[in-house]
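Ready for a short walk through this structure? Keep your viewer open and your selection tool handy, and follow the stops below.

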Amino acid sequence: ELVKAALSFAASHPRVGVLAGGLLAHARWDVRVAAARALAAGAGREALVPLHRVLEKESDPMARELLVAAAGTLAER
């Protein structure tokens, strides 16, 4: 919960990609999704590359759906 709260707070920070990008590969699906949401909220299109890498490996259907939504938000920038 603490990591997800930190990601939510970091979404408005200019270096959100550094924190969130590293957590896209976290063992817990909810942390991966929180990282993707933080990227979608505050990162630039460059965050699509690591997000697409994670999407290629994601096996959890719910997490995959939420990751795809975050990638869609980033792609619209």
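How closely do the axes of helix α1 and helix α3 come, and at what angle do they cross? Before you look, keep in mind that this is a predicted model.

**Stop 1: two helices**

Select residues 2-10 for helix α1 and residues 29-42 for helix α3. Their axes come within 9 Å and cross at roughly 5°. Because of that crossing angle, α1 counts as roughly parallel to α3. Angles under 35 degrees fall in that class.

Now show side chains where the two helices meet. On the α1 side, pick V3, K4 and L7; on the α3 side, pick D30, V31, A34, A35 and A38. Colour this contact by residue class and you get six nonpolar residues, no polar ones and two charged ones.

**Stop 2: A35**

Stay in helix α3 and centre the view on A35. Is A35 buried or exposed? A35 is buried, because its relative accessibility is 0%, and the cut-off for that label is under 20%. Leaving aside residues up to four places away in sequence, A35 touches L7, A20, L23 and L24. For a distance to try yourself, draw a line from the C-alpha of A35 to the C-alpha of L2: these two are 33 residues apart along the chain and separated by 13 Å.

**Stop 3: L23**

From A35, step across to one of its contacts, L23, which sits in helix α2. L23 has a relative accessible area of 17%, so L23 is buried as well. Which residues does L23 touch, not counting those up to four places away in sequence? Select V3, L7, V31, R32 and A35 to see them. Among these, V3 and L7 belong to α1, while V31 and A35 belong to α3. You can also draw a C-alpha to C-alpha line from L23 to A63: the pair is 40 residues apart in sequence and 14 Å apart in space.

**Stop 4: two histidines in loops**

Move along to H26, in the loop between α2 (16-23) and α3. With 27% relative accessibility, H26 counts as partly exposed. H26 touches V31 and R32, again setting aside residues up to four places away in sequence. V31 and R32 are also among the contacts of L23.

Next, select H13 in the loop between α1 and α2. H13 is partly exposed too, because its relative accessible area is 43%. The C-alpha of H13 lies 8.8 Å from that of A43, although the two are 30 residues apart in sequence.

**Stop 5: the largest pocket**

Finish with a surface view. Rolling a probe the size of a water molecule over the atoms shows where empty space is left. The largest pocket has a volume of about 160 Å³. To outline it, select G21, L24, A25, R32, P50, R53, V54, K57, E58 and S59. Which helix gives the largest share of this lining? That is helix α4 (residues 48-57), with four residues. By class, the lining divides into four nonpolar, two polar and four charged residues. Two residues here are familiar from earlier stops: R32 and L24 both line the pocket, R32 touches L23, and L24 touches A35.

Definitions and conventions:
Residues numbered from 1 in each chain as written. Predicted model: local features only at pLDDT ≥ 70, side-chain atom pairs only at ≥ 80, totals over all residues. Heavy atoms only, no water. 1 Å grid on protein atoms, 1.4 Å probe; cavity = no way out; pocket = protein on both sides within 12 Å on 5 of 7 lines; lining within 4 Å. Points joined across faces, edges and corners; volume = space filled by probe spheres on them. Nonpolar A, V, L, I, M, F, W, Y, C, P; charged D, E, K, R; others polar. Axes fitted to C-alpha atoms, helices over the stretch in contact; angles between N-to-C directions. Parallel < 35°, antiparallel > 145°, perpendicular 65-115°, else oblique. Contact = heavy atoms within 4.5 Å. Buried < 20%, exposed > 50% of the residue type's maximum accessible area, 1.4 Å probe, protein only.
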